[in-house]
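Please walk me through one sheet of this model, strand by strand, and through the helix that accompanies the sheet.

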Amino acid sequence: MSKLPSGLPEVLQVHRNIAHLNSTYEICLRLEKRIQADINAVDTDARNRQDDLERDIIFCRILGYLLHHAPTLRALHTVSKGIVSCSEDRTSLVRLGKVYYDHLLRAFRLNRGNWQTQTPSDEEDADAFPLPRAHFGTLANMIEEWFPGEGHGPQNLTHSMAKKRVSPIQPLMIQPRRQDFSMRVQVINVSNQSFIITFIKALVRDGFRCAVTGGYDAPSVDANRELDAKVEVEFEAKGPLRGRYRHHDHGVALVYTRCVHILSESLFQSTNNRDVGNIVNAREARLELESNTSESVSFRSILTSFGYDHLFEELNGTNVHRLENVITLEPDLHQAFDTLEIWFTPTGDPHRYKLEGRWLPFASQFPQYFTFTTNKPELPLPSRNYLALHATCAKVTHLSGAGAYIDKALRDLEEIRELAEDGGSARLFEDALFDMGSPSWC
């Protein structure tokens with residue numbers, strides 16, 4: 001948890017309403033100061049009171065850091081207007097911060113996807129791989145096998161071909177990595193068909209490499225002689241990775257990549273019926289947020305008020321697997337990205353990003369800046385807007401202390417067996433009930 005900075009960042013100083021924004025931010029600073037004074041004065045024996053105050057200061061800092069890291073100008077306006085509407089009333093401000101905690105940060109953190117298609121479950125064979133294991137002489141041959149069609153490219157992939165490749169009726173046949181093993185069979189269910197197709201497209205788009213480090217995808221190298229030869233030539237020239245810095249400029253590495261969603265499927269799977277009927281535009285969504293009541297707000301209405309109402313059409317159903325919403329990453333980056341421990345902050349260049357994270361020792365292993373590139377222009381690169389939203393949620397979750405609070409609540413819930421007689425576990429029980437109802441957050 002980090003104390004709010006004394007002022008708003010330089011990037012906002014050119015905003016035409018900077019005086020108003022500074023005044024709004026001062027409300028957050030004054031609230032933080034009052035809550036911190038109460039924390040310092042509270043009796044150490046008053047455990048519940050201490051916990052309540054520490055929770056309140058998290059909600060206060062959520063508001064402040066949302067002003068710092070708002071992903072859009074509309075989001076900045078919505079958060080600012082909501083703060084001002086509280087008229088410096090402490091209870092109302094804390095409640096507003098709790099709304100963003102409950103329906104944005106916690107929803108985002110707990111509903112992250114867990115696609116690990118290249119890592120079999122305990123019930124599956126360790127050599128199973130969700131792509132054809134046949135060996136190919138060239139990359140062109142491999143792409144043609146995966147994406148048959150007149151244009152010999154991923155853009156010609158059809159639904160009928162998808163059913164042929166990953167039909168739940170006729171299972172996908174997977175050859176073993178070592179020829180002395182028997183043929184393996186893996187059934188890919190209907191809901192995963194679209195993802196498998198996107199997974200392969202992302203590999204092709206990203207050059208069969210982790211998009212950040214440049215590490216080659218080991219199964220793809222194993223399946224293709226041309227790619228294998230290319231890796232051998234690079235290895236002769238560069239050698240293995242040297243030191244702890246993981247980037248292809250410093251050596252060659254093989255990794256087992258993952259296809260990672262920027263915005264997870266579960267966030268868009270279910271939609272609150274009230275939202276469909278009542279939240280029809282950003283203005284109505286902002287009015288709900290200004291009402292400051294958690295009961296009248298949802299994940300959908302917050303994103304709508306931030307200017308992201310289009311997401312619920314763009315990422316509805318299997319559209320969540322669109323190429324703009326996935327990145328090829330190696331496993332360490334996948335886990336850190338999924339748990340909001342790292343994020344990719346957009347820069348002034350369209351496809352260039354800064355890798356930032358919660359822990360410097362971890363983030364410093366990777367390139368500080370990187371650029372998404374492809375030699376397949378027909379395959380869209382990851383969306384700047386999606387990454388900006390992910391970065392906002394990750395930064396605010398970390399800086400405000402919300403992430404640590406969520407982790408602690410989950411650990412406590414695993415240990416708790418019954419409510420304490422004095423009601424000391426009521427807060428945990430509230431968290432448990434909220435988490436159980438998470439599908440309706442969207």
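The paragraphs below follow the sheet from its overall order to its individual pairings.

This is a predicted model, in which local features need pLDDT of at least 70 and side-chain atom pairs count only at pLDDT 80 or more, while totals for chains, interfaces and linings use all residues. Residues are numbered from 1 along each chain as its sequence is written, and side-chain values use heavy atoms, with hydrogens and water left out.

Three strands (DSSP runs of E, at least two residues, numbered from the N terminus) make up an open sheet in the order β7-β8-β9, with antiparallel pairing. Because β7 (342–346) and β9 (369–371) stand at the edges, each with a single partner strand, one side of each is left without a neighbour in the sheet. Neighbouring strands are turned against each other by 35° on average, direction ignored; axes here are lines fitted to C-alpha atoms, for helices over the stretch in contact, and angles run from 0 to 180 degrees between N-to-C directions.

Strands count as paired if DSSP finds at least two bridges between them. β7 and β8 (residues 352–357) pair over five bridges, and the two strands form a hairpin with five residues between them. Within this pairing, F344 has L355 of β8 as its bridge partner, and P346 stands opposite Y353 in β8. β8 also pairs with β9 in the antiparallel sense, over three bridges, and here K354 is partnered by Y369 in β9.

Helix α16 (residues 384–400) lies across β7 and β8, running at about 130° to β7, where a helix is a DSSP run of H or I of at least four residues and contact means heavy atoms within 4.5 Å.
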